[in-house]
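This report covers a metal site, a pocket and a small sheet. The sequence and structure come first.

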Amino acid sequence: MRLRGALWGICMTVLALGAIAPGVAQAGTQTVTLKSRVFTLSGFKTIFPKVAVQAPRRSGYVTAMDAWLVDGRGRRVSIRTVMLHHIVFINNGKPGGPPKKTSCKGRGGEPFWGTGEEKQPLKLPGGYGYAISGGERWSMQAMLMSHDLRAHTVRVVYKLRIVTASKLKRVKPLWLRANGCSKHPSYDVNGDMPPGGVHKRSHLWRMPLSGRIVAASAHLHGSSLGLTISQPRCEERTLADLKALYGYPGDIVYRARPVLHEPGPIATGHLQSETGIPVRKGEMLRVTGNYDGTRPHPRVMAISHVYVAVDRKAPRSCAPLPRDARIFWTREDGRMASPAMDLPLNGLGSTGKVVEIQRPPGPLSIIDGPVAQVALRNERFVPANLSVKAGTVVRWRFDDRDRHNVTYAGGPRLVASPNAGRGYEYKRRLEIPGTYRLFCYLHPITMTQVITVRP
Ligand SMILES: [Cu+2]
């Protein structure tokens, strides 16, 4: 692993988290393996299932958890076929019981663990656990992306280690996002900063309880420089510095096709401390997502799962951080810098294989006026090849009943619409000359567009 100066001195230890020791259960510890329902993905489809999942039928403390995709025969699915881009498990509590809440006002259900391309399992230090009781209702939210033209059926397998015999110290999972409680978990980086520019997005979270942070993990996207949790009350000191590790050039994340988004980190730093970092109820913690600010990056995320052991007597002082607070990694075979990359546009070749294309088929439409109209119709951008003058307002009109989006693959500035159906219009003034390469990530093979902006 190539470490940069900022990381020197931090203990880098690989934690064998993949092994939620099967068969070697200690007395009073059980390993429970459960499956979601089946999801069907047609070729290159991206789906966002939000479904109920089975909760373990027992009470105890979850001390470790992991999840992955399997095919119809129970074999693990490679990201060449379908990628588990992210997944979050939510505890909705018992029917009629006290409501479980997120860190965001007005939202029900407690997200207690999540992961993504970084494949970071839940792992709490010894003696701590997430309390569950039989009869709870659980659900999951995920994003699955097919990298194959053929249809596939997959299920999520999730495995938990549950301590049932002894009483552990209870942790409260907090779900903190650099973009706060906005409706969408992701946000856009416009990419107009000078060389070396770092785009910072921060949110202040009020701690709902006193206790000790015993673990924290991060979900980040490609081009992230990491996520920090800092404490304004103690001169804004950094409590957790969770960086991203990227695959080497030959890594499968750069070889899977079609590339539907900037490949994400293959691992993210995971903080653990058995002593715990004290925090007080009502104090603010700042979560900051750091991204490369020199190139556009659509729909990035900076989310931290923070586990706070409940402790009303957690000290108020700003004493030095506990010496056992360390960053763990599940992998070391990577680099700390995210490669700058443009996404390729894709099309279907004559043999039915996905091929990289320079521009979509069809004639070039040259517009000289101040406004250019584009229709998203019958799963196409019309016109797909467009030339406009700098300063032109481009209006994308969504005509299909199916939802589409306008997503950035390359170009001088960000272009990024939400997913939307018929009747929606997205507009953007393109002021910087250059070539803008766009696609719909829900229909990445048929919906591509190249816009040349003339000076
Ligand atoms: Cu589409």
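Donors of a metal are taken here as N, O and S atoms within 2.8 Å of the metal; water is not among the atoms, so sites may look incomplete. The model is predicted.

**Copper site**

Along the chain, the donors of the copper ion have the spacing H-x35-C-x2-H. The protein donors are ND1 of His 404, SG of Cys 440 and ND1 of His 443, at 2.0 to 2.2 Å from the ion. Buried means under 20% relative accessible area. Cys 440 is therefore buried, since its relative accessible area is 0%. His 443 has a relative accessible area of 7%, so this residue is buried as well.

**Second largest pocket**

The second largest pocket has a volume of about 660 Å³. Its lining is made up of 29 residues, and those closest to the centre are Lys 101, Thr 102, Ser 103, Lys 172 and Pro 208. Strands E8 (110-116), E10 (128-132), E13 (169-177) and E15 (198-206) each contribute at least two lining residues. E13 gives the most, with 5 residues. The lining divides by class as follows.

| Class of lining residue | Count |
|---|---|
| Nonpolar | 14 residues |
| Polar | 6 residues |
| Charged | 9 residues |

**Three-stranded sheet**

An open sheet of 3 strands has the order E20-E19-E26, with antiparallel pairing. Strands E20 (267-268) and E26 (334-335) are at the edges with a single partner strand each, so one side of each has no neighbour in the sheet. E19 (residues 244-247) and E20 run antiparallel and are joined by 2 bridges. Ala 244 has Thr 268 of E20 as its bridge partner.

Key:
Residues numbered from 1 in each chain as written. Predicted model: local features only at pLDDT ≥ 70, side-chain atom pairs only at ≥ 80, totals over all residues. Heavy atoms only, no water. Donors = N, O, S within 2.8 Å, 3.2 Å for Na, K, Ca; no water. Buried < 20%, exposed > 50% of the residue type's maximum accessible area, 1.4 Å probe, protein only. 1 Å grid on protein atoms, 1.4 Å probe; cavity = no way out; pocket = protein on both sides within 12 Å on 5 of 7 lines; lining within 4 Å. Points joined across faces, edges and corners; volume = space filled by probe spheres on them. Helix = DSSP H or I, 4+ residues; strand = E, 2+ residues; numbered from the N terminus. Nonpolar A, V, L, I, M, F, W, Y, C, P; charged D, E, K, R; others polar. Pairing = 2+ DSSP bridges.
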